[in-house]
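Visitor: Could you take me through this one piece by piece? I may jump around a bit.
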Amino acid sequence: MLQSLPGWLASLLINRSSWSIALQRRLYERSFAAAGMPAAVTLEKTSIEGVAAQWVIPADSSSDRFIFYLHGGGFVVGSSRSHLPYFARLCAATHARGLILDYRRAPEHSFPAALHDSIAVFRWMFERHVNPSNLVMAGDGAGANLLLSTLLTLRKEGHPQPAASLLISPWVDLVNVDRKLRFEGRDQRNFEQARLSFFSKSYAGVFDPSDPLISPVRADLAGLPPMLIQCGEQEVLADDARQLLERARAGDVEAYLDQYEGTRQSLPLMVTRDAGADILLQHAARFINSHFVIT
């Protein structure tokens with residue numbers, strides 16, 4: 001992984017060149033996709049409103065329980081492939097059918113392309129009479145950002161909100177990327193700083209990163225559904241998670257923070273390879289099941 005390289009070399013490799021982006025995407029997918037798929041889960045590729053996506057259908061899933069997932073990766077890397085091992089297990093644990101998007105990524109497609117993709121698919125789901133009381137939204141990192149921005153847009157348009165939301169290591173403030181990084185090694189701090197700066201600039205493009213649809217922690221979150229936030233106590237996005245919790249509660253949103261030890265970002269995605277990740281998956285499933293309407 002790029003994190004294992006000296007900070008100065010990693011910083012040089014994190015840039016807008018096509019070969020650098022391709023390398024980052026390949027390494028990211030290799031890291032998270034290694035867990036493999038669980039048994040008794042069917043995958044169906046599809047295209048919705050021009051957006052590539054995959055249905056995840058556990059054998060014992062309910063026909064009217066849905067989870068809509070937006071993958072992380074700084075808006076630049078990540079895909080349905082990298083996140084399917086985790087998402088499939090989340091769907092199986094909640095007996096829900098899942099839909100995960102391959103939204104357009106930066107820097108080829110900066111803001112608001114990914115947001116438009118998410119909103120278009122969400123509207124499509126409601127047009128097909130998906131019961132919002134049996135729909136949960138979930139996302140990690142940049143995907144959690146898109147989740148909130150989607151909900152804010154739908155709230156403005158008067159659409160009903162889903163039953164709940166799960167946000168893993170949410171990256172919700174793209175303005176303060178020059179944050180106090182908690183890593184002891186200088187190389188790791190340099191890498192994380194270069195990575196966040198590159199991702200932020202790639203996604204925001206010509207727009208102001210303080211826009212609440214780019215940095216949703218700056219928005220009024222009143223009226224959004226209950227949320228469970230999971231993050232590492234000392235990870236690079238820990239401050240984002242805590243600020244989101246405070247902002248949500250200030251808007252009278254039912255919000256919970258589920259913290260784990262260490263600096264690992266998006267630990268839940270390491271299912272089957274880390275006992276802590278498996279426990280966090282159980283926490284998330286319990287939260288989601290408690291908010292689905294019993295059918």
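Guide: Let me begin with a term: buried means under 20% relative accessible area, while exposed means over 50%. Please keep in mind throughout that this is a predicted model.

Visitor: Okay, so is helix α3 mostly covered or mostly open?
Guide: Helix α3 is mostly covered, since 12 of its 15 residues count as buried. Among the buried residues of α3 are His83, Tyr86, Phe87, Arg89 and Cys91, and Thr94 is on that list too.

Visitor: By how much does α3 bend, and where?
Guide: Helix α3, which covers residues 80-94, bends by about 35 degrees at Tyr86, and Tyr86 is itself one of the buried residues of this helix.

Visitor: And what's going on at its two ends?
Guide: At the N-terminal end, Ser79 acts as a cap for α3, with a side-chain oxygen placed 3.2 Å from the backbone nitrogen of Arg81. Just after the helix comes His95, which takes a positive phi of about 55 degrees.

Visitor: Switching to strands: which one does β1 pair with, and in what sense?
Guide: Strand β1 (residues 41-48) pairs with β2 in the antiparallel sense, over eight bridges. Among the bridge partners, Thr42 is matched with Ile57 in β2, and Ser47 with Ala52, again in β2.

Visitor: What links those two?
Guide: They form a hairpin with two residues between β1 and β2, and Glu49 in that turn has a positive phi of about 55 degrees.

Visitor: Why call β2 largely enclosed?
Guide: Because seven of the eight residues of β2 (residues 51-58) are buried, the strand is largely enclosed by the rest of the structure. Besides β1, strand β2 also pairs with β4 (residues 97-102), in the antiparallel sense and over five bridges; one of the matches there is Ala53 with Leu101 in β4.

Visitor: Which residues does Ser118 touch, leaving out those up to four places away in sequence?
Guide: Ser118 is found in helix α4 (residues 113-127), and with that exclusion in force it touches Phe68, Leu70, Leu101 and Thr150. Leu101 has come up already, as the bridge partner of Ala53.

Visitor: Is Ser118 buried or exposed, and why?
Guide: Ser118 is buried because its relative accessible area is 0%, which falls under the 20% cut-off.

Visitor: Then what does its side chain make a polar contact with?
Guide: The side chain of Ser118 makes a polar contact with the side chain of Thr150, at 2.7 Å.

Methods:
Residues numbered from 1 in each chain as written. Predicted model: local features only at pLDDT ≥ 70, side-chain atom pairs only at ≥ 80, totals over all residues. Heavy atoms only, no water. Bend = angle between axes of the 7 residues up to and from the residue. Helix = DSSP H or I, 4+ residues; strand = E, 2+ residues; numbered from the N terminus. Buried < 20%, exposed > 50% of the residue type's maximum accessible area, 1.4 Å probe, protein only. Polar contact = N/O pair within 3.5 Å; in protein donor to acceptor, adjacent residues only side chain to side chain. Contact = heavy atoms within 4.5 Å. Pairing = 2+ DSSP bridges.
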